[in-house]
Amino acid sequence: MKLNKEDIQEYNEGLLEFHQEKLAFTKKEVTNAEAIIQKLVDFQIAIPSWALGTGGTRFGRFSGGGEPATLEQKIEDVGLLHALNQASGAISLHIPWDIPKDAAAIKALADEHGLVFDAVNSNTFQDQADQELSYKFGSLQHTDPAVRQQAVDHNIEVIKHGIELGSKSLTVWLSDGSCFPGQINFKKAFENTLESLQKIYAELPEDWKMFVEYKAFEPNFYSMTVGDWGQSLLFANKLGPKAKTLVDLGHHLPNANIEQIVSLLMMEGKLAGFHFNDSKYADDDLTAGAIKPYQLFLIFNELVAGMDAAGMNHAKDLGWMIDASHNVKDPLEDLLQSVEAIMLAYAQALSVDKEALENAREDNDVVVAQNILQNAFRTDMRALVAEARLRAGGALNPIGFYRKMDVRDKLIRERGSKTVATGL
Ligand code: RM4
Ligand code: MN
Ligand code: MN
């Protein structure tokens with residue numbers, strides 16, 4: 001289904017007066033409000049094709065109904081999000097969960113919804129039905145060269161799909177590692193992985209990047225072969241300029257200082273981009289900003305500082321993607337919440353007085369430095385984010401409009417209540 005632009009406009013009119021009052025107030029408080037709004041209009045966050053259905057856990061899965069059963073329906077769902085918030089203009093595919101059978105037709109459909117294709121993701125963490133060799137003991141790290149070659153070939157296949165769709169990057173997340181002390185030789189696992197990644201890297205088109213994503217634990221519980229940003233950066237540096245480190249917020253040990261990691265990766269020109277989610281414990285895949293919004297803001301503060309120092313385009317030069325899907329919410333509503341939280345954190349970071357902050361740091365004025373950040377975090381940016389949506393043609397209150405139009409009920413009627421999206 002598609003949302004009607006006129007319906008959105010009509011809905012917005014009912015909220016306009018209150019919105020404008022709020023906006024006028026915020027503009028008094030935030031001196032660079034107009035510049036922030038423009039940056040928000042430009043900023044797009046990719047939606048992964050595997051986040052549109054219920055995530056589930058290994059204990060169970062509670063589908064909400066109307067899940068997209070095909071890639072075409074997934075594109076439609078991202079199209080709905082984009083129509084509502086005008087900030088979800090890209091989709092990221094996981095192969096083989098979503099293999100585009102007719103790439104030209106899929107591209108045309110995406111185009112119809114105003115969507116482009118973000119990074120393509122390979123999957124060597126599961127065995128597929130038609131697969132010859134098993135990844136039970138790893139893929140790119142495997143002791144058997146034939147398994148490694150199979151995983152390399154899969155990644156090359158993924159690049160080919162990406163080229164057909166207009167993607168510009170390959171994300172490699174490996175579950176490789178070990179569950180018990182003694183199980184693997186760390187050095188050999190690293191060397192095998194590097195050699196395999198080099199073979200994949202050699203197949204990247206000139207204007208592509210390889211995102212090397214790390215994760216501290218799970219599904220391997222003793223060691224992960226790309227377990228932290230140090231290991232990822234080692235691989236990325238050895239591979240070459242097209243390889244960079246991808247940070248997924250949920251992939252750290254508790255209380256890791258992710259903003260510091262970001263700052264240093266940017267200093268090295270080696271930050272690929274982000275997978276947004278939130279967590280209380282580990283890779284919980286909760287809605288961005290649901291648990292630690294201040295952390296999200298602090299990360300954006302470093303991102304903005306780092307991108308500005310390097311003269312980068314905020315919207316285009318790093319990969320921005322949501323990577324979250326869980327059990328208890330309508331996935332589309334959840335994704336709208338995530339995008340909103342990310343936009344708020346970005347807007348707050350854009351409002352930080354960088355010069356004053358740097359001066360306070362130079363003077364070792366800890367109180368002023370802390371206050372500058374906390375003032376920005378405590379400033380209500382919702383009117384600026386809403387204004388950016390309004391100017392771009394989205395809904396002032398995306399979830400409000402989604403519910404008013406009974407979108408989920410319509411999807412259930414269209415697709416049925418028992419459809420299951422491919423993915424986790
Ligand atoms: C992993 C990792 C990858 C994602 C898979 C589904 O934990 O975050 O980015 O592709 O999950
Ligand atoms: Mn991820
Ligand atoms: Mn993850």
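Here are some questions and answers about this predicted model, for someone meeting it for the first time.

Reader: Hello! Which protein residues are the donors of the manganese ion (ligand 3)?
Author: Welcome! Start at the ion and look 2.2 to 2.6 Å away, where its protein donors lie. One donor atom is an NE2 and the other an OD. They belong to H251 and D283.

Reader: How many residues apart in sequence are the parts that H251 and D283 tie together?
Author: H251 sits in the loop between strand 8 (243-248) and helix 8 (258-267). D283 sits in the loop between strand 9 (271-276) and helix 9 (293-309). Because the two residues lie in these separate loops, the pair ties together parts whose distance in sequence is 32 residues.

Reader: Is H251 buried or exposed?
Author: Its relative accessible area is 5%. Buried means under 20%, so that value settles the matter. H251 is buried.

Reader: And what distance separates the manganese ion (ligand 3) from the manganese ion (ligand 2)?
Author: For this one, look from one ion to the other. The separation between ligand 3 and ligand 2 is 4.0 Å.

Reader: Let's turn to the sheet. Which strands stand at its edges?
Author: The open sheet is formed by eight strands with parallel pairing, in the order 1-2-3-4-6-8-9-10. A strand at the edge has a single partner strand, so one of its sides is left without a neighbour in the sheet. The two in that position are strand 1 (47-48) and strand 10 (319-322).

Reader: Which residue of strand 3 stands opposite H94?
Author: Strand 2 (residues 90-94) and strand 3 (residues 116-121) run parallel, joined by four bridges. Across from H94, in strand 3, you will find N121.

Reader: Which helix lies across strand 1, strand 9 and strand 10?
Author: Look for a helix that runs at about 140° to strand 10. This helix covers residues 331-350. The one you want is helix 10.

Reader: Why are the buried residues of helix 8 on the same side of that helix?
Author: Helix 8 lies across strand 8 and strand 9, running at about 155° to strand 9. Its buried residues are I258, E259, I261, V262, L265 and M266. They are on the same side of helix 8 because the arc they cover around the axis is only 155°.

Reader: What covers those buried residues of helix 8?
Author: Several elements take part in the cover. Among them are helix 7 (229-239), strand 8, strand 9 and helix 9.

Reader: Which residue follows helix 8, with a positive phi?
Author: Look just after the helix for a phi near 65°. That residue is G269.

Reader: Now the charged pairs. Which residue forms a salt bridge with D98?
Author: A search of the whole structure finds 18 salt bridges. In the one made by D98, the closest N and O atoms are 3.0 Å apart. The pair links the loop between strand 2 and helix 4 (103-112), where D98 lies, to helix 3 (residues 71-85), 24 residues apart. Both residues are buried, and the partner of D98 is K74.

Reader: How many residues apart in sequence are the parts tied together by R415 and E76?
Author: The side chains of R415 and E76 meet in a salt bridge, with 3.7 Å from N to O. R415 lies in helix 15 (residues 407-415) and E76 in helix 3, so the pair ties together parts whose distance in sequence is 339 residues.

Reader: E333 and R403 form a salt bridge; which of them is exposed?
Author: Their closest N and O atoms are 2.7 Å apart. E333 is in helix 10 and R403 in helix 14 (residues 398-404). E333 has a relative accessible area of 13% and is buried. With 53%, the exposed one is R403.

Reader: Which residues does H19 touch beyond four places away in sequence?
Author: H19 is part of helix 1 (residues 5-29). It counts as buried, at 6% relative accessibility. The residues H19 touches are A383, A386, E387, L390 and L396.

Reader: Last one: how far apart in space are A69 and T419?
Author: A69 is in the loop between strand 1 and helix 3 and counts as partly exposed, at 41% relative accessibility. Leaving aside neighbours within four places in sequence, A69 is in contact with T419 and V420. Although A69 and T419 are 350 residues apart in sequence, their C-alpha to C-alpha distance is 5.9 Å.

How values were computed: Residues are numbered from 1 along each chain as its sequence is written. Chains are lettered from A and ligands numbered from 1 in the order in which they are written. This is a predicted model: local features need pLDDT of at least 70, side-chain atom pairs count only at pLDDT 80 or more; totals for chains, interfaces and linings use all residues. Side-chain values use heavy atoms; hydrogens and water are left out. Donors are N, O and S atoms within 2.8 Å of the metal (3.2 Å for Na, K and Ca); water is not among the atoms, so sites may look incomplete. Buried means under 20% relative accessible area, exposed over 50%, partly exposed in between (1.4 Å probe, protein chains only). Two strands pair if DSSP finds at least two bridges between them. Contact means heavy atoms within 4.5 Å. Axes are lines fitted to C-alpha atoms, for helices over the stretch in contact, and angles run from 0 to 180 degrees between N-to-C directions. The arc is that of the directions from the helix axis to the C-beta atoms. A salt bridge is a side-chain nitrogen of Lys or Arg within 4 Å of a carboxyl oxygen of Asp or Glu.
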